[in-house]
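Colleague: Got a minute to go through this one with me? I'd like to start with the annotated part and then look inside.

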Amino acid sequence: MKLPTHDAAAREIPEESSHRVVLPRRTPVAPLRQVARRLLMALLVLVATVAIVWIDRDEYHDNANGSVDFLDCVYYATVTLSTTGYGDIVPYGDGARLLNILLITPLRVLFLIILVGTTLEVLTERTREQWQLNRWRNALRDHTVIVGFGTKGRSAAQTLRATGLTRDRIVIVDPSPKVIDSAVAEGFAGVVGDATRSDVLVRAEIQRARQVVIATQRDDTAVLVSLTARQLNKKANIVAAVREEENAPLLRQSGADMVITSASAAGRLLGLSVHSPSAGTVLEDLIQQGSGLDLIERPVVKAEVGKSVRETDDLIVSVLRGHRLLGYDDPAASPLQAADRVITIVRAASAEQQDGPTKPGVKPMIPGTGVSPMTPVRRDE
């Protein structure tokens, strides 16, 4: 299989847009709107200054002809606010000088603040973003990195959210800036860049990630991403999707712990739906997260310890004991042990339950149980 060095979409990234980390933030004001607002404020300050000078024009002296008309007021206000100060028009009366001290000088300072405000705002925004980025990197631990935010990647993120994983524990990596902007709009942190490059994955803090989901559009790209991710993180649980089943062994050899063949899985579902529509409907229901029946993995609760698989309230289909996956009909699966994890079929949570509790420190509950989901165990060294 041919392995290109970059994904097709990654080759289209401008150099200035690559290797960029984008964190969720408030919707910024449009640049043109900001400029228009600042120009309007500057114009109001200028109009106010012209009005002050015009009202007290008798106490101003023009070196050219001695009198001050409306054009001279506009001219004086302009050169005064811009701190040019040619000195051809000066206030000579006590009232005019007092107004210059109390009103025109503060207006001059306000005018300068408006002019340099854009530069100060840019510097402040960049400083704030850099501080936020450093804080995010220092706090990010045991998170999930999703490479590719297309149909598969988006569905994976939604499923992880439904199982209790918060948005700040998910990082999206994609070569398209528009896709990353879409992910950021949904509350995820994003990294723009080609995930086959180690420096891009390092920006996603993959070396400290617990799980990696590879949902790229091409199988060869998935192999390269898996190789790079495994090189950077020996313990992470890597799950990858491929289109062709013949590429699955190669992806496993590259470091993936689990490989999902999307094309063949869809084909099997189509064939099952033709042969047995009801069975196909049930299987589709299990695949769709948050509706009807859900297939979940959870720890064994205290009340279930020592019971047989068939004696529990939930419909258990498999038991995970250490690194062994035991079927429900395996004699070794019963009785259940405290350290076991079970794969069960439960009724999906309602919309209110899926939203989860908003109070800090309160963990979401798995539908149909009284326990919270647990994070998968790391790979042994």
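**Walking through the model**

Modeller: Over residues 35-55 the chain is 100% helix and 0% strand, with the end C-alpha atoms 30 Å apart. Keep in mind that this is a predicted model.

Colleague: Which residues does the UniProt "transmembrane region" annotation cover?

Modeller: Residues 35-55 and 101-123, according to the UniProt record, which is an unreviewed entry.

Colleague: OK, on to the packing. How many residues are in the largest nonpolar core, and which have the most contacts inside it?

Modeller: That core has 30 residues, and Val173 and Leu251 have the most contacts inside it. Helix 7, residues 219-232, gives the most to this core, with four residues.

Colleague: And what does Val173 touch, leaving out residues up to four places away in sequence?

Modeller: Quite a list: Val145, Ile146, Val147, Gly148 and Ile180. Val173 also touches Val191, Gly193, Ala195, Val200 and Ala204.

Colleague: What does the second core include?

Modeller: The second core is separate and has 17 residues, including Ile52, Val53, Leu81 and Ile104.

Colleague: Back to helix 7. I was looking at Thr228, which lies in that helix. Is Thr228 buried or exposed?

Modeller: Thr228 counts as buried, because its relative accessibility is 10% and the cut-off for buried is under 20%.

Colleague: What does the Thr228 side chain reach?

Modeller: The backbone oxygen of Leu224, at 2.8 Å. Leaving aside neighbours within four places in sequence, Thr228 is also in contact with Ala195, Thr196, Arg197, Ser198 and Leu201.

Colleague: Ala195 rings a bell.

Modeller: Yes, Ala195 is also on the list of residues that Val173 touches.

Colleague: Switching to backbone oddities. What is the phi of Asp142, and where is Asp142 found?

Modeller: Asp142 has a positive phi of about 50°, although it is not a glycine. Asp142 is found in the loop between helix 3 (94-139) and strand 4 (144-147). Its relative accessible area is 33%, so Asp142 is partly exposed.

Colleague: What about Glu205, buried or exposed?

Modeller: Glu205 counts as buried, at 7% relative accessibility. Its phi is positive too, about 55°, and Glu205 is not a glycine. Glu205 lies in the loop between helix 6 (198-203) and strand 7 (211-214).

Colleague: Last one: which residues does the cis peptide bond join?

Modeller: Ser334 and Pro335, with omega about 0°. Pro335 is found in the loop between strand 12 (324-327) and strand 13 (341-347).

Key: Residues are numbered from 1 along each chain as its sequence is written. This is a predicted model: local features need pLDDT of at least 70, side-chain atom pairs count only at pLDDT 80 or more; totals for chains, interfaces and linings use all residues. Side-chain values use heavy atoms; hydrogens and water are left out. A nonpolar core is a set of buried Ala, Val, Leu, Ile, Met, Phe, Trp, Tyr and Cys residues joined through side-chain atoms within 4.5 Å. Buried means under 20% relative accessible area, exposed over 50%, partly exposed in between (1.4 Å probe, protein chains only). Helices (H or I, at least four residues) and strands (E, at least two) are DSSP runs, numbered from the N terminus. Contact means heavy atoms within 4.5 Å. A polar contact is a pair of N or O atoms within 3.5 Å; within protein, one must be able to donate a hydrogen and the other to accept it, and residues adjacent in sequence count only if both atoms are side-chain atoms. UniProt positions are given in the numbering used here, feature names are shortened, and annotations may be inferred rather than shown by experiment.
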